[in-house]
Amino acid sequence: MRADEIFAQHERLNVSLDRLSLLVAAPLDEVLPEGRVRVVLEAEIGTLREALRAHFEFEEEGGYLSQVLKGNPRLASQVDILKGEHPRLLAEADALARTLAQGPVSAMREAVQTFLRRLNGHERREASLLQASPGSSPLAEA
Ligand SMILES: [Fe+2]
Ligand SMILES: [Fe+2]
(Lines give C-alpha, C1' and ligand atoms only; values in the text may rest on other atoms or scores of the structure.)
(Ligands and ions follow the chains in the order given, each with its own letter.)
Protein backbone atom coordinates (compact mmCIF):
# COMPACT_ATOMS: atom_id res chain seq x y z
CA MET A 1 0.00 0.00 0.00
CA ARG A 2 1.33 3.45 -0.91
CA ALA A 3 2.23 5.82 1.89
CA ASP A 4 -0.05 8.56 0.45
CA GLU A 5 -3.03 6.21 0.55
CA ILE A 6 -2.31 5.25 4.15
CA PHE A 7 -2.03 8.93 5.15
CA ALA A 8 -5.43 9.59 3.54
CA GLN A 9 -6.90 6.60 5.42
CA HIS A 10 -5.43 7.90 8.68
CA GLU A 11 -7.22 11.19 8.19
CA ARG A 12 -10.57 9.41 7.77
CA LEU A 13 -9.91 7.33 10.88
CA ASN A 14 -8.98 10.50 12.80
CA VAL A 15 -12.51 11.85 12.34
CA SER A 16 -13.89 8.82 14.18
CA LEU A 17 -11.23 9.13 16.91
CA ASP A 18 -11.91 12.85 17.36
CA ARG A 19 -15.65 12.26 17.65
CA LEU A 20 -15.08 9.73 20.42
CA SER A 21 -12.59 12.09 22.15
CA LEU A 22 -15.20 14.85 22.16
CA LEU A 23 -17.83 12.50 23.55
CA VAL A 24 -15.74 11.50 26.55
CA ALA A 25 -14.32 15.00 27.14
CA ALA A 26 -17.62 16.88 27.31
CA PRO A 27 -19.76 16.95 30.48
CA LEU A 28 -22.24 14.67 28.79
CA ASP A 29 -24.47 14.28 31.82
CA GLU A 30 -25.38 17.96 31.51
CA VAL A 31 -26.40 17.48 27.88
CA LEU A 32 -28.07 14.06 27.71
CA PRO A 33 -29.51 11.56 30.17
CA GLU A 34 -27.19 8.62 30.97
CA GLY A 35 -29.28 6.18 28.93
CA ARG A 36 -28.82 8.27 25.78
CA VAL A 37 -25.09 8.79 26.45
CA ARG A 38 -24.74 5.02 26.65
CA VAL A 39 -26.52 4.54 23.31
CA VAL A 40 -24.33 7.17 21.60
CA LEU A 41 -21.12 5.76 23.09
CA GLU A 42 -22.09 2.24 22.05
CA ALA A 43 -22.71 3.44 18.51
CA GLU A 44 -19.42 5.36 18.34
CA ILE A 45 -17.37 2.49 19.73
CA GLY A 46 -19.02 0.17 17.20
CA THR A 47 -18.25 2.61 14.39
CA LEU A 48 -14.65 2.96 15.52
CA ARG A 49 -14.25 -0.83 15.85
CA GLU A 50 -15.44 -1.29 12.26
CA ALA A 51 -13.32 1.60 10.97
CA LEU A 52 -10.27 0.15 12.70
CA ARG A 53 -10.85 -3.32 11.30
CA ALA A 54 -11.13 -1.91 7.78
CA HIS A 55 -8.14 0.37 8.37
CA PHE A 56 -5.83 -2.43 9.52
CA GLU A 57 -6.98 -4.65 6.67
CA PHE A 58 -6.24 -1.82 4.24
CA GLU A 59 -2.79 -1.27 5.71
CA GLU A 60 -1.89 -4.95 5.57
CA GLU A 61 -3.13 -5.47 2.01
CA GLY A 62 -0.19 -6.28 -0.25
CA GLY A 63 2.23 -6.45 2.70
CA TYR A 64 2.16 -4.18 5.73
CA LEU A 65 4.45 -1.15 5.32
CA SER A 66 6.10 -2.86 2.35
CA GLN A 67 7.18 0.53 1.02
CA VAL A 68 9.06 1.23 4.25
CA LEU A 69 10.71 -2.21 4.24
CA LYS A 70 11.74 -1.92 0.60
CA GLY A 71 13.62 1.28 1.37
CA ASN A 72 15.02 0.12 4.69
CA PRO A 73 14.84 -3.62 5.53
CA ARG A 74 16.51 -2.94 8.89
CA LEU A 75 13.20 -1.53 10.12
CA ALA A 76 11.62 -5.02 9.94
CA SER A 77 11.48 -5.49 13.71
CA GLN A 78 9.73 -2.13 14.23
CA VAL A 79 7.26 -3.00 11.46
CA ASP A 80 6.59 -6.39 13.08
CA ILE A 81 5.87 -4.76 16.44
CA LEU A 82 3.38 -2.35 14.86
CA LYS A 83 1.67 -5.14 12.93
CA GLY A 84 1.34 -7.16 16.14
CA GLU A 85 -0.48 -4.20 17.70
CA HIS A 86 -3.35 -4.42 15.18
CA PRO A 87 -5.09 -7.47 16.70
CA ARG A 88 -4.39 -6.18 20.21
CA LEU A 89 -6.00 -2.81 19.46
CA LEU A 90 -9.07 -4.54 18.01
CA ALA A 91 -9.32 -6.69 21.15
CA GLU A 92 -9.09 -3.52 23.26
CA ALA A 93 -11.91 -1.94 21.27
CA ASP A 94 -14.01 -5.05 22.01
CA ALA A 95 -13.11 -4.79 25.70
CA LEU A 96 -14.25 -1.15 25.68
CA ALA A 97 -17.64 -2.20 24.36
CA ARG A 98 -17.88 -4.80 27.18
CA THR A 99 -16.88 -2.21 29.81
CA LEU A 100 -19.66 0.03 28.61
CA ALA A 101 -22.19 -2.79 28.69
CA GLN A 102 -21.27 -3.77 32.27
CA GLY A 103 -20.59 -0.53 34.14
CA PRO A 104 -21.62 3.09 34.60
CA VAL A 105 -21.01 5.48 31.74
CA SER A 106 -18.74 7.59 33.99
CA ALA A 107 -16.25 4.69 34.15
CA MET A 108 -15.96 4.79 30.38
CA ARG A 109 -14.26 8.18 30.18
CA GLU A 110 -10.86 7.01 31.41
CA ALA A 111 -11.01 3.69 29.54
CA VAL A 112 -11.76 5.44 26.23
CA GLN A 113 -9.06 8.06 26.80
CA THR A 114 -6.47 5.37 27.58
CA PHE A 115 -7.45 3.44 24.46
CA LEU A 116 -7.30 6.56 22.28
CA ARG A 117 -3.83 7.44 23.62
CA ARG A 118 -2.60 3.93 22.79
CA LEU A 119 -4.13 4.03 19.32
CA ASN A 120 -2.73 7.50 18.62
CA GLY A 121 0.71 6.27 19.69
CA HIS A 122 0.45 3.41 17.20
CA GLU A 123 -0.59 5.74 14.39
CA ARG A 124 2.14 8.27 15.20
CA ARG A 125 4.89 5.61 15.12
CA GLU A 126 3.45 4.25 11.89
CA ALA A 127 3.33 7.72 10.32
CA SER A 128 6.92 8.44 11.26
CA LEU A 129 8.09 5.22 9.58
CA LEU A 130 6.08 6.11 6.48
CA GLN A 131 7.43 9.65 6.39
CA ALA A 132 10.96 8.30 6.53
CA SER A 133 10.34 5.96 3.60
CA PRO A 134 11.67 6.99 0.18
CA GLY A 135 9.32 8.99 -2.05
CA SER A 136 6.56 9.41 0.52
CA SER A 137 4.88 12.65 1.47
CA PRO A 138 1.65 13.11 3.43
CA LEU A 139 0.95 16.17 1.25
CA ALA A 140 1.56 14.40 -2.05
CA GLU A 141 -2.12 13.94 -2.78
CA ALA A 142 -5.44 15.11 -1.39
FE1 LIG B 1 -1.59 0.38 11.79
FE1 LIG C 1 -2.65 3.27 10.63
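Does L65 count as buried or exposed, and how many C-beta neighbours lie inside 10 Å? L65 counts as buried because it has 23 C-beta neighbours inside 10 Å, where a residue is buried if 20 or more other C-beta atoms lie within 10 Å of its own, exposed if 12 or fewer, and partly exposed in between, with C-beta atoms placed from the backbone. The structure is a predicted model, in which local features need pLDDT of at least 70 and side-chain atom pairs count only at pLDDT 80 or more, while totals for chains, interfaces and linings use all residues. Residues are numbered from 1 along each chain as its sequence is written, and chains are lettered from A and ligands numbered from 1 in the order in which they are written.

The secondary structure consists of 5 helices and 0 strands, where helices (H or I, at least four residues) and strands (E, at least two) are DSSP runs numbered from the N terminus. Along the sequence the pattern is α-α-α-α-α. The C-alpha trace spans about 50 × 30 × 20 Å along its principal axes. Of the 142 residues, 14% count as buried. Among contacts with a separation of 6 or more, 77% are accounted for by residues 24 or more positions apart; two residues are in contact if their C-beta atoms, placed from the backbone, lie within 7 Å.

Two packed helices are described by the angle between their axes and the distance between the axes. Helix α1 (residues 3–25) packs with α2 at an angle of about 165°, the axes being 10 Å apart. Axes here are lines fitted to C-alpha atoms, for helices over the stretch in contact, and angles run from 0 to 180 degrees between N-to-C directions. The helices α1 and α2 are therefore roughly antiparallel to each other, given that angles under 35 degrees count as roughly parallel, over 145 as roughly antiparallel, 65 to 115 as roughly perpendicular and the rest as oblique. The crossing of α1 and α2 is left-handed, a term used if the near helix is turned anticlockwise from the far one by less than a right angle, with right-handed used if clockwise. On the α1 side the contact involves I6, Q9, L13, S16, R19, L20 and L23, which meet V40, L41, E44, T47, L48, A51, H55, F58 and E59 in α2. By class, the residues of this contact divide into 9 nonpolar, 4 polar and 3 charged; Ala, Val, Leu, Ile, Met, Phe, Trp, Tyr, Cys and Pro count as nonpolar, Asp, Glu, Lys and Arg as charged, and the others, Gly among them, as polar.

Helices α4 and α5 pack at an angle of about 160°, with axes 11 Å apart. That angle makes α4 roughly antiparallel to α5. The crossing of α4 and α5 is left-handed. In α4, residues Q78, L82, E85, L89, E92, L96, T99 and L100 meet M108, A111, V112, F115, L119, H122, R125, E126 and L129 in α5. This contact of α4 with α5 has 10 nonpolar, 3 polar and 4 charged residues.

The largest nonpolar core has 10 residues, namely L20, L28, V37, L41, I45, L48, L96, M108, V112 and F115. A nonpolar core is a set of buried Ala, Val, Leu, Ile, Met, Phe, Trp, Tyr and Cys residues joined through C-beta atoms within 7 Å. Two or more residues of the largest core come from each of α2 (34–60) and α5 (108–132), and α2 gives the most, with 4 residues. A second, separate core of 6 residues includes L65, V68, L129 and L130.

Within the largest core, L96 lies in helix α4 (residues 76–102) and is buried, with 22 other C-beta atoms within 10 Å. Apart from neighbours within four places in sequence, L96 is in contact with I45, A111, V112 and F115. The C-alpha atoms of L96 and A51 are 15 Å apart in space, at a sequence separation of 45 residues.

In the second core, L130 is found in helix α5 and counts as buried, with 22 C-beta neighbours inside 10 Å. A distance of 11 Å separates the C-alpha atoms of L130 and N72, which are 58 residues apart along the chain. L65 belongs to the loop between α2 and α3 (66–71). Most residues other than glycine have a negative phi, whereas phi of L65 is positive, near 50°. G63 is placed in the loop between α2 and α3 and counts as exposed, with 12 C-beta neighbours inside 10 Å.
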